[in-house]
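Subject: Handing over the model

Hi,

Here is the structure I promised you. Please have it open while you read, as my notes follow below.

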Number of protein chains: 2
Amino acid sequence: MTKVLLTEVALRDGSHVVAHQFTKEQVRYVTEMLSKANVPFIEVTHGDGLGGSSLQYGFSKVHDIELVEEAAKVAGDSKVSVLLIPGIGTISQLKDAHAAGARMVRVATHVTEADVSKQHIETARNMGMETIGFLMMSHSAPPEKVLEQALLMESYGAHAVYVTDSAGAMLPSDVRDRISLLRKNLKIDIGFHAHNNLSLAVANSLVAIEEGATRIDGSICCLGAGAGNTQTEVLVAVLERMGIETGVDLYPMLDLAEYVRNDILPHPQDITTGSLVMGYAGVYSSFLRHANVAAEKVGVDARDILVELGKLNVVGGQEDMILEVASEIAREKVGKI
Amino acid sequence: MTKVLLTEVALRDGSHVVAHQFTKEQVRYVTEMLSKANVPFIEVTHGDGLGGSSLQYGFSKVHDIELVEEAAKVAGDSKVSVLLIPGIGTISQLKDAHAAGARMVRVATHVTEADVSKQHIETARNMGMETIGFLMMSHSAPPEKVLEQALLMESYGAHAVYVTDSAGAMLPSDVRDRISLLRKNLKIDIGFHAHNNLSLAVANSLVAIEEGATRIDGSICCLGAGAGNTQTEVLVAVLERMGIETGVDLYPMLDLAEYVRNDILPHPQDITTGSLVMGYAGVYSSFLRHANVAAEKVGVDARDILVELGKLNVVGGQEDMILEVASEIAREKVGKI
């Protein structure tokens, strides 16, 4: 079996959990430990990627580029990765990140909008970076659509394409259907990025590997948005038990998990009812607060709003639809009385 | 597909988490809410079962029988269950529990010692109780051995036999092998009880159902020993998404989860490195403290001790072997220098 290449995202997806307040010291220490444990890729960016530091997404304590620079100093044989969401981050910022030492980029788009990644993927590839396409909210499009979009990213020059379960909404069968279809039709590597809202992150990662994915994301102590990601140290232990090679050493990862737990984690990343409803409904965790406000205002159950939003396949930026949906539910409720 | 019958174990396995200090009020409230949500079986006992309240296992705040009585008052159509580990609990205590309103018992033995359950299963069956055989540490015996022992429990009159992953050590394939073999060879129902040490509790429960298990254990907010059990409210949401019928209502379970989180849980049940190592090694969580003490004393890594104990298939009561194993590792270490 091919070796599975892990990407640690605690210093990027985990940035959400600490309100983007990572310090240089934290980033340096975690990167150094990950490198010693032989984790091949280490992602370091604002939770919403390069340029995410803003009024809308929350300001970082330390600028992305400085953090990348800090990580690159101690990354050794590991490659520092950045996330780039076209529209939030720019090609100019990507060049700065490359100059600061980033050697991988994940160009992330909504699962139906891969076409906006063309220029970014081409530029990264031309700079000699490991270049990954990252299809967010992949649960919300049928497998054929995910394939169509992945093929676009492949045609732009990506070295790999990720199926990204941004809302932690995928069942094992959802993962199986998407990864197996991609594996049959793509020449490049396939990756999988999970969230743990349905407590299936590790298991879904195993399904992805079974179907041919060779790149898997994890975050130490689940440090990530919503219920967090695939818990890296758990995944490493499970893959070791299964005889699937990652090259990553378990004990240093356990030691690092102790550090993250004691020195970074503001609260343990268990599955709250809020996170669960996000995964059940299939919407971004950023919708929860808005749904609660709308529910209060209109006098309906926030959970019903979220489930309805999931059916409508809302995406980030469509938060204005929440009140509309809430009002519709309220009207239906009155109609039933 | 057959309906899956859930047993909620937060008021029994979760008793470990609160050092067996459940109050009557907590037990009454949780039982009432579970009954309203249509959970068919609700287990209420000391974490180590009837008679567990002791110097060795920790004293309960309120006597088992009183808690069962309290739960039975508000259980409605749900059945109150008790755990009985022969050797810790007695037939006389089982009769008391039955008189107090318990209508189900799970007679639990180590996976290789089903023969000690004969009298208890027969007595329970004769009293008209729902009678379940519970094979603990099922990961530590090969599928054929688990089947042999399950057949014994069936022959004693059990209505169902559980494959119990006490250490949270099973991989999905371990579950599949055991449940499918039992399904092919038993006439009675098959159940599965997971712990989440490898973050696989929900996924393993899905595999068990796929292979024919129709009784699944869960605990609200993961409230249980080690990394906790299959998070019930998550399982209910996932099964609903999959179209597998449980009869349990999701929203009341979410409301109950909020209560448990705010009023009972001393700390969120995430997967600590301690729990992970238990699941990785395949030993009871009660061994962790002893291993740490021995590691300190002898100057070796506690994780190496636990992995070695797992290979030796140690069971509860063999804690005296820990120092021996630690010393052996220390001797080998010296030999290597």
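Which backbone nitrogen does the side chain of Asp64(A) reach at 3.3 Å? It is that of Gly51(A). Before I go on, please keep in mind that this is a predicted model.

Asp64(A) deserves a little more of your time. Asp64(A) sits in helix α2 of chain A, which runs over residues 64–74. Asp64(A) is buried but has no salt bridge: the nearest side chain of opposite charge belongs to Arg12(A), 9.4 Å away, while a salt bridge needs the charged atoms within 4 Å. Besides Gly51(A), there is a second backbone partner: a polar atom of the Asp64(A) side chain lies 2.8 Å from the backbone nitrogen of His46(A). Leaving aside residues up to four places away in sequence, Asp64(A) touches Thr45(A), His46(A), Gly49(A), Leu50(A), Gly51(A) and Gly52(A).

Next, strand β5 of chain A (residues 130–136). Seven of its seven residues are buried. Glu130(A), Ile132(A), Phe134(A) and Met136(A) point one way, and Thr131(A), Gly133(A) and Leu135(A) point the other way. In a regular strand, side chains alternate between the two faces of the sheet. The neighbour of β5(A) here is β4 of chain A (residues 104–110), and the two pair in the parallel sense over seven bridges. One of the residue pairs to look at is Thr109(A), whose bridge partner in β5(A) is Leu135(A).

Then there is helix α9 of chain A, residues 250–263. With 14 residues at 1.5 Å a residue, α9(A) should span 20 Å, and its end C-alpha atoms are indeed 20 Å apart, so the two values agree. Its buried residues include Leu250(A), Met253(A), Tyr259(A) and Arg261(A). What covers the buried residues of α9(A) comes from both chains: β1, α1 and α8 of chain A are included, together with α10 and α12 of chain B.

Finally, two backbone angles in chain B that you may want to look at:

- His20(B), in the loop between β1 and α1 of chain B, has a positive phi near 60° without being a glycine. His20(B) is buried, with a relative accessible area of 8%.
- Met137(B), in the loop between β5 and α5 of chain B, also is not a glycine, and its phi is positive at about 55°. Its relative accessible area is 1%, so Met137(B) counts as buried.

Happy to talk it through whenever suits you.

Best wishes

Notes: Residues are numbered from 1 along each chain as its sequence is written. Chains are lettered from A and ligands numbered from 1 in the order in which they are written. This is a predicted model: local features need pLDDT of at least 70, side-chain atom pairs count only at pLDDT 80 or more; totals for chains, interfaces and linings use all residues. Side-chain values use heavy atoms; hydrogens and water are left out. Helices (H or I, at least four residues) and strands (E, at least two) are DSSP runs, numbered from the N terminus. The expected span of a helix is 1.5 Å times one less than its number of residues. Buried means under 20% relative accessible area, exposed over 50%, partly exposed in between (1.4 Å probe, protein chains only). Contact means heavy atoms within 4.5 Å. Lys and Arg count as positive and Asp and Glu as negative; His and the chain ends are not counted. A polar contact is a pair of N or O atoms within 3.5 Å; within protein, one must be able to donate a hydrogen and the other to accept it, and residues adjacent in sequence count only if both atoms are side-chain atoms. Two strands pair if DSSP finds at least two bridges between them.
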